[in-house]
Amino acid sequence: MIKDLHSYWAFLVLLILIIAVANAIMGFTTNRKFTAKDLRISLFALIFTHLQLLIGIILYFTSGKGWEVFSSTKIGDMGPARLMALEHPIIGILAIVFITIGWSKHKKQETAKRAFGKIALFYGIGLVLILSRLPWKIWLGL
């Protein structure tokens, strides 16, 4: 059940992150004012990614593809399990760190353009990192 929740919640996370990055890029390029709607979009992206991290941590320590694989196998011998046991969680945490930095930095900006820029940059980096370590073969059924 937790694995399904983590997988389905990931679709929502990706959707809201794409919306947040696109919104920030549009706000940056059009020089519009940073409104409450923009704040909410960015905040929901932050909240959704943090909830995904929490679900992922629970899954990591309760499933056989996480901590058990990592603790019972040498890193060089992990093969395909390395993505799920090592790369996916570490890059996911790093992505969420970038998203959190973007949220924190945007609040300190004096202009809307700079606030949009921080959201676009840091949320964009987080989105690219997440996309780079998704288990595409599992998602696409290959």
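Here is a quick tour of this chain, from overall make-up down to a few individual side chains. The model is predicted, and its pLDDT averages 87 over the chain, with 80% of the residues scoring at least 70. It's a helical story throughout: six helices and zero strands. Of the 142 residues, 37% count as buried.

**Overall layout and confidence**

- Reading from the N terminus, the elements go α-α-α-α-α-α.
- Contacts between residues 24 or more positions apart make up 73% of the chain's contacts with a separation of 6 or more.
- Confidence varies by element: helix α5 (residues 112–132) has the highest mean pLDDT, at 95, while helix α3 (residues 67–72) has the lowest, at 63.
- Where pLDDT is low, the predicted coordinates shouldn't be read in detail.

**Helix α1 and what comes just after**

- Does the length of helix α1 agree or disagree with what its residue count calls for? It agrees: at 1.5 Å a residue, its 29 residues (2–30) should span 42 Å, and the C-alpha atoms at its ends are 41 Å apart. The expected figure takes 1.5 Å times one less than the number of residues, which is why 29 residues lead to 42 Å.
- The buried residues of α1 are H6, W9, A10, V13, L14, I16, L17, A20, V21, N23, A24 and G27.
- T30 also belongs to helix α1, and its side chain reaches back to the backbone oxygen of M26 at 2.7 Å.
- Just after α1 comes N31, with a positive phi of about 55°. Most residues other than glycine have a negative phi, and N31 is not a glycine.
- N31 sits in the loop between α1 and α2 (36–62). Its relative accessible area is 53%, so N31 counts as exposed.

**Where α1 meets α5**

- F28 is found in helix α1 and is partly exposed, with a relative accessible area of 34%.
- Which residues does F28 touch, not counting those up to four places away in sequence? They are K113, F116 and G117.
- K113 does something extra here: its charged end sits over the F28 ring, 4.1 Å from the ring centre.
- The backbones tell a similar tale: F28 and R114 are 86 residues apart along the chain, yet their C-alpha atoms are separated by 7.5 Å.
- T30 and K113 make another such pair, with their positions 83 residues apart along the chain and 8.6 Å between their C-alpha atoms.

**Aromatic pairs**

- How many aromatic pairs are there? The count comes to five.
- Y60 and F61 form an edge-to-face pair, because their ring centres are 5.2 Å apart and their planes stand at 85°, past the 60-degree mark for that label.
- The two partners differ in exposure: Y60 is buried, at 15% relative accessible area, whereas F61 is exposed, at 51%.
- F98 and F122 are stacked instead, because their planes are at 25°, with ring centres 6.3 Å apart. Stacking calls for planes under 30 degrees apart, and pairing for centres within 6.5 Å.
- This F98–F122 pair ties together parts that are 24 residues apart in sequence, because F98 lies in helix α4 (residues 81–107) and F122 in helix α5.
- F98 is partly exposed, with a relative accessible area of 24%, while F122 counts as buried at 12%.
- W9, F44 and F48 are linked by ring pairs into a cluster. W9 also appears among the buried residues of α1.

**The loop between α4 and α5**

- Is Q109, in the loop between α4 and α5, buried or exposed? Q109 is buried, with a relative accessible area of 19%, and the cut-off for buried is under 20%.
- The side chain of Q109 makes a polar contact with the side chain of R114, at 2.9 Å.
- Leaving aside neighbours within four places in sequence, Q109 is in contact with R114, A115 and K118.
- R114 thus turns up twice in this briefing, as a contact of Q109 and as the residue whose C-alpha atom is 7.5 Å from that of F28.

Notes: Residues numbered from 1 in each chain as written. Heavy atoms only, no water. Helix = DSSP H or I, 4+ residues; strand = E, 2+ residues; numbered from the N terminus. Buried < 20%, exposed > 50% of the residue type's maximum accessible area, 1.4 Å probe, protein only. pLDDT = per-residue confidence, 0-100. Phe/Tyr/Trp six-rings, centres within 6.5 Å; stacked < 30°, edge-to-face > 60°. Lys NZ or Arg CZ within 6 Å of the ring centre and 35° of its normal. Polar contact = N/O pair within 3.5 Å; in protein donor to acceptor, adjacent residues only side chain to side chain. Contact = heavy atoms within 4.5 Å.
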